[in-house]
Amino acid sequence: MELYLGIDIGSVSTNLVLLDPLGEPYLAPLYLRTQGQPIKALQKGLAIIRDQLGKGDLVCGVGATGSARQLAGVLVGADVVKNEISAHAVAALRILPEARTVIEIGGQDSKIIILRDGIVVDFAMNTVCAAGTGSFLDQQAFRLNIPIDEFGALSGQACTPVRIAGRCTVFAESDMIHKQQMGHTLPDIVAGLCEAMVRNYLNNVGKGKDIEPPIVFQGGVAANQGMRAALEKSLQAEIAVPRYYNVMGAYGAALLARDQAREQVGTGFRGWQVSTMPFQQRSFECKACPNACEVIEIKQEREVLARWGDRCGRWGITGEADQAALQH
Amino acid sequence: MKITYPHMGNLYIAVRALLVKLGLDPVLPPPTSRKTALLGVRHAPEFACFPLKLNLGNFLEAREMGADTVLMAGGIGPCRFGYYAEVEREILADLGVPMEMVVLEPPSGDWVTFKARARSLVGDCSWWQVLKAIRFAWYKARAVDALESKLLYLRPRLCEPLQLEAIYREALRRVDAAENRRGLDLAVGDFLKDIRGLPRKSGDLLRVGLVGEIFTVLEPYANYDIERHLGLLGVEVTRSIFLSEWINEHLFGGLLRVGGLDHLEETASPYLNAFVGGHGRETVGATVHFAGQGYDGVVQVAPFTCMPEIVAHSVLPAVTRDHGIPTLSFYLDEQSGVAGIVTRLEAFVDLLEARRKKRLKEGV
């Protein structure tokens, strides 16, 4: 079958989704931990998919997104490299074409995307603070000794959620400890935490945005019932969580790859052998000027696949190195 | 007296011309870089905004090169910048760095004080010489503006934008080196000649207005080269404020009766009727102005915690609602990860493209 591959490499997870020509997921979508090693995670994911494919399966287009989209694009030879905001919007609209708001809360960032008549009209991402993202929930679940997947169910048992300061995670934590010591129950604290995180999200990321239903909630945190309930309570609206809520970026990238395949001949996909190719990465400081840019270089054996990180373009995306700058 | 001054984009070219013509010996710090930021962040208060930190870094780097006097601009109104010269003077003193601070305040009517302060700077120069120096610096600023606006216009239109950038850098160097108007005219003329034949791309492109706090608009280190990112994404960027306008307003006290930003105060009404400090009102006015000119979107940049721009930011949704122009705001600080900014810019460009397509389809 003709297949389209979407890859989303984020700070926390690396996701791969394979779509059939109708845009429906083929095989189970993959959700892997990036663990600071995007190349490894990507190769692992590709290997898993390769082993499940049949003889007649052929990849006809690849899309990459996420904070390591440039890297992923170079390694696999992607046909489309798209920012995660647009990719998430594409995926949400596929699931719910009449969606007017997309709330996406991931490991280290959170976004809001405002849609009207099927196009993005406004968006925002968390800027200087990671409060209200999945990492913090993870950390608190660990501290309270609750497995993160039970966190949501626990908050459902709350009677009177406690009030926790949500402006800063560091203070939220001290506030939580205080409430614990006062004798509040665990479900009330957990539910209070979810409400604090929702307040933080709406005040920071959702500030000044026209949040209107239908609302789609996606990203890893959408798994958390407590967060879902807190959002519904705060926004006074029903919230839809798509089936593949945690791989929507990759899903969107695959949909974009499918659209792109209609416009171009062939694919840039470098084949499944990418999963076993040895890649070397290194970074160095360019000495050509006081900017001291950190240049990153990706090599496959002797061949330089890509370089980036320089402000002036001296090192080029795939260009030749300026030797003088190195010797300086 | 070895005098230095902070960087703000290509401001150094005009100020150097002014000081040299006044018979002074300017020491130019190296271009603002990560090293500058590190120095500034180490010695500045944490809650001060990014421009102060970069200024301070510039001074310390210039000190290493032998500078003993700092020329700094002042300011009026609720923006903290007006007080930065004083704060910087104190910090330098605390650090045991003996540097004199000369502050140029906008005169705001008090010509006697302004004259006295200027006199301390220009020494024995006659007022006629001073006027000539100001005029020459002004021409340089205008030449820089001409190069920059051409760069912004052409970057998204050319097949090889990096080639254009190389030609631009060379032209900038020649403008900086020019000793008279003839040299200036030649540098600009040659630049225009060199770029004429460069191969162009076809197709419609998006136009975005860049508004916000002046330092972050003009200093590419502070704004992560936002103009360049947008340009390479195929977007024509127009600034709300150019260097020459700022120089006229802040250093010459609006002495030269040229253009200026007054019209932006009018377009800011009824959204923002008060002077909120800095260029807050102009940011709103410029956004309305760009909407009226048929621009596709507006990008606002400001230092993190910048009060005037926060006020403007909170007014912008009303402008978007009434004029249908999307805006994107960035608060900039010392973080060095450019990825988040690029992601937002790319998404913004996608948004603008989708809007344009939809409009074309609907035949609006």
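In the predicted model, E297 of chain A stands opposite R307(A), a residue of strand β13(A). This pair belongs to the junction between β12(A), which spans residues 294-300, and β13(A), where 5 bridges join the two strands in an antiparallel arrangement. Both strands form part of an open sheet of 3 strands in chain A, ordered β11-β12-β13 and paired in antiparallel fashion. The edges of this sheet are occupied by β11 (279-285) and β13 (303-308) of chain A; each has a single partner strand, so one side of each is left without a neighbour in the sheet. On average, and with direction ignored, neighbouring strands are turned by 20 degrees against each other. Helix α2 of chain A (residues 69-76) packs on the sheet and touches β11, β12 and β13 of that chain. The direction of α2(A) makes about 160 degrees with that of β13(A). In general, strands of a sheet pair through backbone hydrogen bonds, in either a parallel or an antiparallel manner.

Chain A as a whole contains 10 helices and 13 strands. Its radius of gyration is 22 Å, close to the 20 Å given by the globule rule for 328 residues, and chain A is therefore as compact as a globular protein of that length. Along the principal axes, the C-alpha atoms of chain A fill a box of roughly 65 × 50 × 35 Å. Of the 328 residues in chain A, 47% are buried. Among contacts in chain A with a separation of 6 or more, 63% are accounted for by residues 24 or more positions apart. A pair distant in sequence is provided by D51(A) and W272(A), which are 221 residues apart along the chain while their C-alpha atoms are 9.8 Å apart in space. D51(A) is found in helix α1 of chain A, residues 38-52. D51(A) is exposed, with 9 other C-beta atoms within 10 Å, a count to be set against the limit of 12 or fewer for an exposed residue.

The contact between the two chains takes 19 residues from chain A and 24 residues from chain B. On the side of chain A that touches chain B, α3 (84-95) and β8 (119-125) of chain A each supply at least two residues. The largest share of that side, 6 residues, comes from β8(A). By class, the side of chain A that touches chain B comprises 9 nonpolar, 7 polar and 3 charged residues.

Within chain B, the axes of helix α7 (residues 161-177) and helix α8 (residues 181-196) come within 9 Å and cross at roughly 170 degrees. Because angles over 145 degrees count as roughly antiparallel, α7(B) is roughly antiparallel to α8(B). From α7(B), the residues in this contact are L164(B), I167(B), A171(B), R174(B) and V175(B). They meet L184(B), A187(B), D190(B), F191(B), D194(B) and I195(B) of α8(B). The class composition of the contact of α7(B) with α8(B) is 8 nonpolar, no polar and 3 charged residues.

Several backbone features were also identified. Most residues other than glycine have a negative phi, and most peptide bonds are trans. In chain A, a cis peptide bond joins P213(A) and P214(A), with omega about -5 degrees. P214(A) lies in the loop between α7 (186-204) and β9 (215-218) of chain A. In chain B, the peptide bond from S269(B) to P270(B) is cis, with omega near 5 degrees. P270(B) is placed in the loop between α12 (262-268) and α13 (280-292) of chain B.

Positive phi values occur at N145(A), where the angle is about 65 degrees although the residue is not a glycine, and at Q236(A), likewise a residue other than glycine, with phi near 55 degrees. N145(A) is found in the loop between α4 (134-143) and α5 (148-156) of chain A. The loop that holds Q236(A) runs between α8 (225-235) and β10 (239-240) of chain A. N145(A) is exposed, with 7 other C-beta atoms within 10 Å. Q236(A) is also exposed, with 7 other C-beta atoms within 10 Å.

Key: Residues are numbered from 1 along each chain as its sequence is written. Chains are lettered from A and ligands numbered from 1 in the order in which they are written. This is a predicted model: local features need pLDDT of at least 70, side-chain atom pairs count only at pLDDT 80 or more; totals for chains, interfaces and linings use all residues. Two strands pair if DSSP finds at least two bridges between them. Helices (H or I, at least four residues) and strands (E, at least two) are DSSP runs, numbered from the N terminus. Axes are lines fitted to C-alpha atoms, for helices over the stretch in contact, and angles run from 0 to 180 degrees between N-to-C directions. Two residues are in contact if their C-beta atoms, placed from the backbone, lie within 7 Å. The radius of gyration is taken over C-alpha atoms; the globule rule is 2.2 Å times the number of residues to the power 0.38. A residue is buried if 20 or more other C-beta atoms lie within 10 Å of its own, exposed if 12 or fewer, and partly exposed in between; C-beta atoms are placed from the backbone. Ala, Val, Leu, Ile, Met, Phe, Trp, Tyr, Cys and Pro count as nonpolar, Asp, Glu, Lys and Arg as charged, and the others, Gly among them, as polar. Angles under 35 degrees count as roughly parallel, over 145 as roughly antiparallel, 65 to 115 as roughly perpendicular and the rest as oblique.
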